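Please look over the following chain with attention to its backbone, its aromatic rings and its interior. The report below goes through these topics in turn.

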Amino acid sequence: MKGKKINLLTQLVLIVVSLALSAATASAQNGAFSQSANGAVKTDSRMLYHGGPVLTGVQNVYFIFYGCWTSPCGSADDTKAMTILGEFIATVGNTPYMMINSTYADGNGQPASGSLVYATSVVDSSYSHGVELTHSEIEGIIADQILNFTLPQDPQGIYVVVASADIASNSTGFCVPGAPPFHSHGIINGGLLQYVFIGNPNRCATVAGWQFLPPSGGSTPNGNFAADAMVGNLAHALNGLLTNPLGNAWYDRYGLENADKCTGTFGQTYTIANGARANIRLGYRDFLLEQNWVNSRKGFCALSR
């Protein structure tokens, strides 16, 4: 009985902490939105540490593909997109690109992780949380998978909810011009977990996949518009999550997280055989990723530290 009371008290404390930190996260992300929406991102400010934790150690990435991804409603392109996202996570960990995040440390000098492992993926085609996803609905999607024992409750886990093109999410800023890719945290099944929401760019191509549209593009590195755009948005969200998971670690005076400061910048690119632009090769695939902010004295956008 005593143990149950302690566990209940711990959960209540976690809930209070999560609510407070969610407000901080929203504040930082609203700052990023306002800067992007009003024009060029301001990079004339160094990154500031606000005392909170960063994500350290190996981070296990779990995909939840929500909506129409597989037969009979999903197409071959949808199935291919699932594969490309998985292969990206399986190859990007510990690369010079991800290790930019190690230039951000917590109060004890522990650097943010650049180590990602592709854990597994599941498909949720039941539409049990509807077609307009709020923060609580996204957390509910993750909780369902944990309660059904299809995914573990992993304190070192990052849960990525990837939506099909018929899913909207106004509360995360998806399809809103200037809004950064969304990451957050919540008390899910009694534990504090980190998550990312990635909307399908086929729903709003000019917002969520503009870099592959004329005149700046046309082709995509892997011949799959949705996957190539989602990979870029996922990389952006992960960079912010690793260095500012609870909204009280690293961001600048404008509220911009590391990747937000490099929005729309790609550094040196090259052209691959199908005519598409790319700037990084992982395994046997090429990708076009936004640069990340290297946390040095002055700071700068780059593809490696």
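## Backbone, rings and cores

Cysteine 175 has its place in the loop between E4 and E5. This is a predicted model, and in it the phi of cysteine 175 is near 75°, a positive value in a residue other than glycine. With a relative accessible area of 25%, cysteine 175 is partly exposed.

Phenylalanine 149 also has a positive phi although it is not a glycine, in this case of about 65°. Phenylalanine 149 lies in the loop between H3 and E4 and follows H3; at 76% relative accessibility it counts as exposed. A further backbone feature is the peptide bond from serine 71 to proline 72, which is cis, with omega near 15°, and proline 72 is found in the loop between E2 and H2.

The protein chain as a whole has five helices and 13 strands. Of its 305 residues, 53% count as buried, and the chain exposes about 12800 Å², of which carbon and sulfur atoms supply 56%. Among contacts between residues at least 6 apart in sequence, 75% join residues at least 24 apart.

### Helix H3

The 13 residues of H3 should span 18 Å at 1.5 Å a residue, and the end C-alpha atoms of H3 are 18 Å apart, which agrees. The buried residues of H3 are Ile138, Glu139, Gly140, Ile141, Ile142, Ala143, Gln145 and Ile146, and what covers them includes E2, E3, E4, strand E5 (182-188) and E6.

Glutamine 145, which lies in helix H3 (residues 135-147), counts as buried because its relative accessibility is 8%, under the cut-off of 20%. Leaving aside its neighbours within four places in sequence, glutamine 145 is in contact with Ile64, Val122, Asp124, Thr150 and Leu151.

### Aromatic rings and charges

The count comes to 11 aromatic pairs, and two of them are set out in the table.

| Pair | Centre to centre | Between the planes | Arrangement |
|---|---|---|---|
| Tyrosine 104 and tryptophan 250 | 5.4 Å | 80° | edge-to-face |
| Tryptophan 210 and phenylalanine 266 | 6.0 Å | 55° | tilted |

Tyrosine 104 lies in the loop between helix H2 (76-92) and strand E3 (116-124), and tryptophan 250 lies in strand E7 (residues 250-251), so this pair ties together parts that are 146 residues apart in sequence. Tyrosine 104, at 0% relative accessibility, counts as buried, and tryptophan 250, at 11%, counts as buried as well.

In the tilted pair, tryptophan 210 lies in the loop between helix H4 (205-208) and helix H5 (225-243), while phenylalanine 266 lies in the loop between E7 and strand E8 (270-271), so the pair ties together parts that are 56 residues apart in sequence. Tryptophan 210 is partly exposed, with a relative accessible area of 35%, whereas phenylalanine 266 counts as buried at 8% relative accessibility.

Phenylalanine 266 has a charged partner too: the charged end of arginine 277 sits over its ring, 5.4 Å from the ring centre. In a second arrangement of this kind, the charged end of lysine 261 sits over the ring of tryptophan 293, 4.5 Å from its centre. Elsewhere, Phe63, Phe65, Trp69 and Tyr118 form one aromatic cluster.

### Nonpolar cores

Which residues have the most contacts inside the largest nonpolar core? This core has 34 residues, and those with the most contacts inside it are Phe63, Phe88, Leu116, Ile158, Val160, Val196 and Leu234. The elements that give two or more residues to the core are strand E2 (59-66), H2, strand E4 (157-163), strand E6 (191-198), H5 and strand E10 (280-282), and the largest share, 10 residues, comes from H5.

Phenylalanine 63, a member of the aromatic cluster, is in contact with Leu85, Gly86, Ile89, Tyr118, Thr120, Ser121, Val122, Val160, Val162 and Leu234, leaving aside its neighbours within four places in sequence. Apart from the largest core lies another core, of 23 residues, among them Tyr66, Ala143, Leu151 and Phe174. Of these, Ala143 is also one of the buried residues of H3, and Leu151 is one of the contacts of glutamine 145.

How values were computed: Residues are numbered from 1 along each chain as its sequence is written. This is a predicted model: local features need pLDDT of at least 70, side-chain atom pairs count only at pLDDT 80 or more; totals for chains, interfaces and linings use all residues. Side-chain values use heavy atoms; hydrogens and water are left out. Rings of Phe, Tyr and Trp (its six-membered ring) pair if their centres lie within 6.5 Å; planes under 30 degrees apart count as stacked, over 60 as edge-to-face and the rest as tilted. Helices (H or I, at least four residues) and strands (E, at least two) are DSSP runs, numbered from the N terminus. Buried means under 20% relative accessible area, exposed over 50%, partly exposed in between (1.4 Å probe, protein chains only). A charge sits over a ring if NZ of Lys or CZ of Arg is within 6 Å of the ring centre and within 35 degrees of the ring normal. Contact means heavy atoms within 4.5 Å. A nonpolar core is a set of buried Ala, Val, Leu, Ile, Met, Phe, Trp, Tyr and Cys residues joined through side-chain atoms within 4.5 Å. Accessible areas come from the Shrake-Rupley method with a 1.4 Å probe; for residues, only the protein chains shown count as cover. The expected span of a helix is 1.5 Å times one less than its number of residues.
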